[in-house]
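User: Please take a close look at one loop in the model below, then use it as a starting point for a tour of the backbone, the rings and the packing. A friendly, connected account would suit me well.

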Amino acid sequence: MAAKKIKALVIVESPAKARKISGYLGKDYHVMASMGHIRDLPANASEIPAQIKKEKKSWASLGVNTEEDFDPLYVIPKTKKKLVKELKEALKNSEQLILATDEDREGESIGWHLTEVLKPKVPVKRMVFSEITKKAILEAIENPRELDLDLVAAQETRRVLDRLYGYTLSPLLWKKIARGLSAGRVQSVAVRVIVLRELERLAFRSGTYWDLKAVLGAKTGNQTSFDSQLITVDGKRLATGKDFDESTGKLKEGSKVLLLKEEEAKKIQADLLKKDWTVTKVEKKAQKRNPSAPFTTSTLQQEANRKLGMTARDTMRVAQRLYEDGLITYMRTDSVNLSGEAVTAARKCVEGRYGKDYLHPTVRQFSSKSKNAQEAHEAIRPAGTEMKTAEELNLTGQQNRLYSMIWKRTVATQMAEARLTFQSVTITSGNCEFRSTGKHVDFPGFFRAYVEGNDDPEAALDDQESALPPLNENDQISCKELDAIIHETKPPARYTEASIVRKLEAEGVGRPSTYASIIGTIQDRGYVRKAGSQLIPTFTALAVSRLLEEHFPNLVDLNFTAKMEQTLDDIATGDAERLPYLNKFYSGAEGISEQVKKHEETIDPRKACTLNIDGIEASVRVGRYGPYFEKKKGEENLTASIPDSIAPADLSNDLAEKLIEEKQKGPQSLGMHPEEGLPVFVMNGPFGPYIQLGEVVEDGPKPKRVGIPKNYDYSELTLNQALSLLTLPRRIGHHPVTNKVVNAGIGRFGPYVLHDKVYKSFGKEGTFEHEGKVYDVLNVDMDTAVEMLKQAKRRSAPTPIREIGEHPEDKEMVAIFDGRYGPYVKHGKINATIPKDHEVESVTMDEAVVWLEAKAAKMGTKKTTKKKAAKKKAAKKKAAKKKTTKKAAAKKTPEKKAAKKKAPAKKKAAKKTAKKTAEKSTEKTTTKKTAEKTEKE
DNA sequence: CAGTGAGCGAGCTTCCGCTTGACTT
């Protein structure tokens, strides 16, 4: 027996790493992956052991025994049970256990948990390495060390603190604001940062100013024209955007600049057109630029977002593939360090590709600027020693683009600095001075490979040459054009995925593995929505942020995490203890536990949900069905919903008054339908404005309704337009090719054209442009419809490869189809993949039924974990329904009620999709997705 | 697909960091 044993079981965190290391270590070693943490605090009620639950301890739901030294209750989650069993099996046949998890706080902890769970009876060693090369691995295995229990304690402190923070503050929010909300050390700060920016925008007052822009050229010699900007008048500097006070829209107090109004600007313009123009000053300044550090997770996400328009989540998904294929190094890292192997490869590549002149004379190394970098991995770079390009690797699509970016950035790090000359020329005319600036790239250096992107799309890239023609003092200039231009100061920009990741990293909040999910969490909880690339906070976020700021200011302070990290560092070095720190945080009069209890009694939930905004008479309230305005008028309490598309910074008193008035007036009849004799109403529902013909009658059929396409302003809709919309769907004619009928109508997802069961939606604005003309559902002609239908993806109904027969229970057909993931059996809505060891031809009905049942059961369990956001929205809807269904129960026939109950899942999904479609209507990149979704339904 | 702003009330919602499958047909 003993002879058959292998030398050691080596455990790392990721399978890709395991494969690579296994190759270096050979057959004597068995390398396995832990897939991250194998144990954790119970995530929810279902993970708390029954025993503990029964005891009804006050701390049971925390999973941390706050009565006894904050002893954590660790459980192995369901998803990890199988893996743990496999690890135990493997350990039985090993003479040694080697923990080769990452060399950081979490990695050390994973190693410790492994020993706790596997309870090895053989010697245990800890090995660490910072690059995965054969040499480094063999060296590491010869020089093992012990587990660092102080580092493990630091991780546990972090874990427990985050749990105490999140699981004591969140319930307070459920009680005071809305169920399902959450607070956390990271997310609450992220939300707060976004909210503060929105409040700045809300308080922002725009100012305007005028200036002059000239197009000039020398009178002799090189007469290339160049732009010039008015800088001073009578020696007084002209006002620009930064001279304005953001809260008033006026010039900052005491500023000595000149603010031009329209008449003055135009007067100067007229004046100067008659005057001579002379160069009075020429300045040149040389500057050098150095390449940026190689990518970390955070900078990769930022650049991919700016340059490739990818979300943080997309970026990580694509990077994961590149990593698994062995093309890049690990993608979750906070280190800017390049290994010796990488530097050598990059330098060789630079020399070969661009020549010696482009090589930086010495090796360039970078040091991390991020606040609490743990640097367990390298920077993100092309793997190996070859520095192959994306083309050489035959990459395509997003993989190609992301890899190329990584390649360029890495190679650029070893390239020579770029040398630039900046020119600044002053041109005088009359009592005015103009300035032109230019830039000349003397030597491009690393620009040849890589230039960092910018958040501001208008900002010129560094490598762009924008040199002025040669100019000397006293040169005579001719003015070719002179324009007076109005400028408006703009509010500070909203955060994007890129800028919020940058901000969080700069503050040391969050980790490489979490940046992408933070953005997901704050959206799932309904704190933030995305409009294009902007992250817009909801009114809920404003209310939650205010509550936390008011009552727990230190917890949502930007420095909270940084301070925590200092303590954790002390714990890791053995200079501090976990217990006093956690005690101070949780227990005692100032501890979070007491504070929450106190505020539970004192905070008035009505007030917590009410936002009073300067300059707006009505209050904004966060209600169960979304935000609404509320205003007292005598005895009456007037309310009006705030549409989803309205951002907090868009609020104004006029808007509030308008919405309240509209609501109070009730549905407005545009007039009578000439044939039906019924009034035509414009109404506003959860899916936006719609037209209704006649009123709701008890026991009668539902009145005809039709949504108003986005290209019509519902508040200015005419009776004729409404009547036209009510006639939909309309027949456009017969398709010239198939001779089948083509119709135009409005469905759940808005206006569409329909031909032979193929739908094509009008664009996000409800219009379609064809040969320079804009069409919508009312005026679309056959020519345009044919063009639109060409763009529709035809989805022919899939044909089964084999029909097995009728299902024994409901007699519905069970058949085999060929899908993207191999053949599968289909019965109704349930699809189950056929196991690999079965032939399509030999599948029996009995087998198929077993697979289908297994799949159905699986789907049942999945729902609870996955569709969190959907669940929340659904719950809201359900709650909303309650009253109406109860009241309306009498009106509805029993069959109708039953039908409603039967298909709730489908309804929810459809609603969600519809909502998304509406929400994302402004987003360029998702139009395609929306179209796809539309078709699926 | 369509209007709400409130309660009868069991048990539950929730954190941050590590990681990949499962899975989309």
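Analyst: Let's begin in the loop between strand 3 (64–65) and strand 4 (71–72), where Phe70 is found. This is a predicted model, and the values here are computed from it. Phe70 is not a glycine, yet its phi is positive, about 55°. Most residues other than glycine have a negative phi, and most peptide bonds are trans. Phe70 has a relative accessible area of 2%, so it counts as buried.

A second loop makes a good companion to this one. Lys119 sits between helix 4 (105–118) and strand 6 (124–126), and its phi is also positive, near 40°, in a residue other than glycine. Here the surroundings are another matter: with a relative accessible area of 59%, Lys119 is exposed. Positive phi turns up again just beyond helix 14 (residues 515–524), which is followed by Gly526 with a phi near 80°.

Helix 14 deserves a pause of its own. Its buried residues are Tyr515, Ala516, Ile518, Ile519, Gly520 and Ile522. These buried residues pack against helix 7 (187–203), helix 9 (297–308), helix 10 (312–324), helix 13 (497–506) and strand 14 (528–531).

The backbone story continues at the loop between helix 21 (719–727) and strand 24, which holds Pro729. The peptide bond from Leu728 to Pro729 is cis, with omega near -5°. Strand 24 then leads us into a sheet. Four strands make up this open sheet, in the order 24-25-26-27, with antiparallel pairing. Strand 24 (730–734) and strand 27 (758–761) each have a single partner strand, so they stand at the edges and one side of each has no neighbour in the sheet. On average, and ignoring direction, neighbouring strands are turned by 25° against each other.

Within that sheet, strand 24 and strand 25 are joined over four bridges in the antiparallel sense, and Arg731 stands opposite Asn743 of strand 25. Their hairpin has six residues between the strands, and Asn739 there takes a positive phi near 65°. At the other end of the order, strand 26 (residues 750–755) and strand 27 also pair in the antiparallel sense over four bridges, with Tyr752 opposite Ser761 in strand 27. Helix 22 (residues 782–791) packs on the sheet and touches strand 24, strand 25 (741–747), strand 26 and strand 27. The direction of helix 22 makes about 100° with that of strand 27.

Now for the rings. If ring centres within 6.5 Å are taken as the cut-off for a pair, the count comes to eleven aromatic pairs. One of them joins Tyr165 and Phe560: the ring centres are 6.0 Å apart and the planes are at 70°, so the pair is edge-to-face. Tyr165 belongs to helix 6 (residues 149–176) and Phe560 to helix 16 (residues 560–572), so this pair ties together parts that are 395 residues apart in sequence. Both Tyr165 and Phe560 are buried. Another pair brings Trp277 and Phe434 together, with centres 4.7 Å apart and planes at 55°, so this one is tilted. Trp277 lies in strand 10 (residues 277–289) and Phe434 in strand 12 (residues 432–443), so parts 157 residues apart in sequence are tied together here. Trp277 is buried, as is Phe434. Coming back to Tyr165 and Phe560, these two form one aromatic cluster with Phe585.

Charges meet rings as well. Arg163 lies over the face of Tyr167, 3.9 Å from the ring centre, and the charged end of Arg448 sits over the ring of Tyr358, 5.0 Å from its centre. Tyr358 has a further link: setting aside neighbours within four places in sequence, Pro444 is in contact with Tyr358 and Ala418. Pro444 itself is in the loop between strand 12 and strand 13 (476–488), and its relative accessible area of 24% makes it partly exposed.

Strand 12 also brings us to the cysteines, through Cys432. Cys432 is buried, at a relative accessible area of 1%. The closest cysteine sulfur to that of Cys432 is in Cys479, 11 Å away, so the two are too far apart for a bond. Cys349 counts as buried too, at 11% relative accessibility. Across the whole structure, a search finds zero disulfides.

Methods:
Residues are numbered from 1 along each chain as its sequence is written. Chains are lettered from A and ligands numbered from 1 in the order in which they are written. This is a predicted model: local features need pLDDT of at least 70, side-chain atom pairs count only at pLDDT 80 or more; totals for chains, interfaces and linings use all residues. Side-chain values use heavy atoms; hydrogens and water are left out. Rings of Phe, Tyr and Trp (its six-membered ring) pair if their centres lie within 6.5 Å; planes under 30 degrees apart count as stacked, over 60 as edge-to-face and the rest as tilted. Helices (H or I, at least four residues) and strands (E, at least two) are DSSP runs, numbered from the N terminus. Buried means under 20% relative accessible area, exposed over 50%, partly exposed in between (1.4 Å probe, protein chains only). A charge sits over a ring if NZ of Lys or CZ of Arg is within 6 Å of the ring centre and within 35 degrees of the ring normal. Two strands pair if DSSP finds at least two bridges between them. Axes are lines fitted to C-alpha atoms, for helices over the stretch in contact, and angles run from 0 to 180 degrees between N-to-C directions. Contact means heavy atoms within 4.5 Å. A disulfide is a pair of cysteine sulfur atoms within 2.5 Å.
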